[in-house]
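Student: Please choose a single part of this model and take a close look at it with me. I would then like to follow the account onward to other parts, in one connected answer.

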Amino acid sequence: MFVSEEVTLLEVVYGDKKWNFDRDLSYGELIKETRLGRVSVLVMVNGRLVRKEEMIPVKSRVLIISAANGG
Amino acid sequence: MQPEFLGGMPMDIEREFLFRWYERQLLVEGVTRSFLLRLSEETFGGLSGKMEEMVAELLIRSGLSGITRDFPRQRILPFYSPLIYRQKETMEFRDGDEIRISEDDGKKIVSFPHTLPIIFSPVIAGIVFFWFMNEVSSTTSVKGLPVNPEKISRKGRVMVVGAGGLGSPLIKTLLDNGIDDICIIEPGKVKLNNLHRQILYDYGDVGLSKASVLERKLSTYYGGVRAKVYEREFDPVSIKSERPDIVVSCVDNFETRYLINDACYRNGIPFVDSGVEGSSGYVMLRDRSTPCYRCFMGDNRIDTEASRGILAFTTYFGGLLEAALVTSYLNNRNYEGKIFWFDLKKHRFEEITVERREDCPVCSLAKR
């Protein structure tokens, strides 16, 4: 499962892609750094959905998922 | 080796037909025409038990086209596709402690614990599919799932909005598990590129309205069920006129999800929703005690015209999970309000906590 071992960096996963950051990021900085600005996504930090105004602290596990609307 | 399909069409026409059939699957990253052609050469033989049959059906719906004379086609895929062909067996199922794919004398052996419940069938199909794509390892441990469809002890009236990729397995599972009062709203017609994932429809249904096909099949196979099928778009008024105990959203756009969410919250009706794309998706049960769909998705998502890629086992899994949440609700099981998210390619399953938005125009104002 995604949340288990202790992390020292800000670890980000989106599908097959992974990133590590050594500092806190704002939601906007995260989207810019991962170049996901044109993709419709949702951001989870340690299993909790975060809003666009939130800061994402280092030592967090971030899972970015598609805002899926298919059926 | 080139597959010889039973449809009797020239090979180049059959290939184009195959690509049109799997049009939505070909939009998924990594699924190419050459991959589909390679997959179409794989062949199943005899099957043992419901779990093997379900995994085989999902893999055939994902592009495997071969069956041997021992394959129980009339039971599993009676009218599904003219693309099925007969050939020497290349794949075999076996019982095992974990999900494992190996090769033995040129044959692929797919092992899995046969005691697993049927909800794992799309998980296994996904692992095999991505193994063929060289995207996953040959051995995968089995992880538990938070919900599982069960027999329904308390009867209730279920409204299903959308009878496509999610709605098909949901409707079938609910009826098989004891739901006997169902109302289905579906405005669309059956298209060729629906068939790989929309399991309630067959090749002969292409061009017909889904509502008419459903009416015919429900009366044929579920004669004792009280069923209403409406060929129209969802209208919030129908929540009041039909008075369902629970609503299930199986639609393919944000706009209708917002309508269902808002109508259900305002009328105090719980609803289950799922959204899928590629190999991943989410499922959730919402009622006035939980943050609503808008708190999860935001309330400014806009639908685009472009089709997105989707795999048969992904929608099947989403539909089964929705059915599990419906039965869980009707059987009065506790639900913490978390959202369940999955990725069948990465074999990743997560529970997501969502908080109520103080400025939510729907659930922050609804009576709790």
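**A loop residue and its surroundings**

Tutor: In chain A, the loop that runs between α1 (27-33) and β4 (41-45) is where A:R35 is found. The model is a predicted one, and what follows should be read with that in mind. A:R35 is not a glycine, yet its phi is positive, at about 55°. Most residues other than glycine have a negative phi. As for its surroundings, A:R35 counts as exposed, because it has 10 C-beta neighbours inside 10 Å, and the cut-off for exposed is 12 or fewer.

Chain B offers a residue to set beside it. B:H347 also has a positive phi, near 55°, in a residue other than glycine, and B:H347 lies in the loop between β14 (339-343) and β15 (348-352) of chain B. Here 19 other C-beta atoms lie within 10 Å, so B:H347 is partly exposed; a residue is called buried if there are 20 or more.

The two chains meet in a contact that takes 14 residues from chain A and 28 residues from chain B. On the side of chain A that touches chain B, β5 (48-49) and β7 (61-66) of chain A each supply at least two residues, and β7(A) gives the most, with 3 residues. By residue type, that side of chain A divides into 7 nonpolar, 6 polar and 1 charged.

Within chain B, the domain assignment gives domain 1 (11-140) and domain 2 (158-352), whose C-alpha centres lie 25 Å apart. Between them, 27 residues of domain 1 are in contact with 24 residues of domain 2. On the domain 1 side, α1 (11-21), α3 (49-61) and α5 (121-132) of chain B each supply at least two residues, with α5(B) giving the most, 7 residues. The residues of that side comprise 16 nonpolar, 5 polar and 6 charged.

A last element of chain B is helix α7 (residues 210-221), whose 12 residues should span 16 Å at 1.5 Å a residue, and this agrees with its end C-alpha atoms, which are 16 Å apart. In α7(B), the residues B:K210, B:V213, B:L214 and B:L218 are buried. They cover an arc of only 125° around the axis, and therefore sit on the same side of α7(B). B:S219 and B:T220, on the other side of α7(B), are exposed. The cover over the buried residues of α7(B) includes β9 (181-185) and β10 (226-230) of chain B.

Methods
Residues are numbered from 1 along each chain as its sequence is written. Chains are lettered from A and ligands numbered from 1 in the order in which they are written. This is a predicted model: local features need pLDDT of at least 70, side-chain atom pairs count only at pLDDT 80 or more; totals for chains, interfaces and linings use all residues. Two residues are in contact if their C-beta atoms, placed from the backbone, lie within 7 Å. Helices (H or I, at least four residues) and strands (E, at least two) are DSSP runs, numbered from the N terminus. Ala, Val, Leu, Ile, Met, Phe, Trp, Tyr, Cys and Pro count as nonpolar, Asp, Glu, Lys and Arg as charged, and the others, Gly among them, as polar. Domain bounds come from an automatic or database domain assignment. The expected span of a helix is 1.5 Å times one less than its number of residues. The arc is that of the directions from the helix axis to the C-beta atoms.
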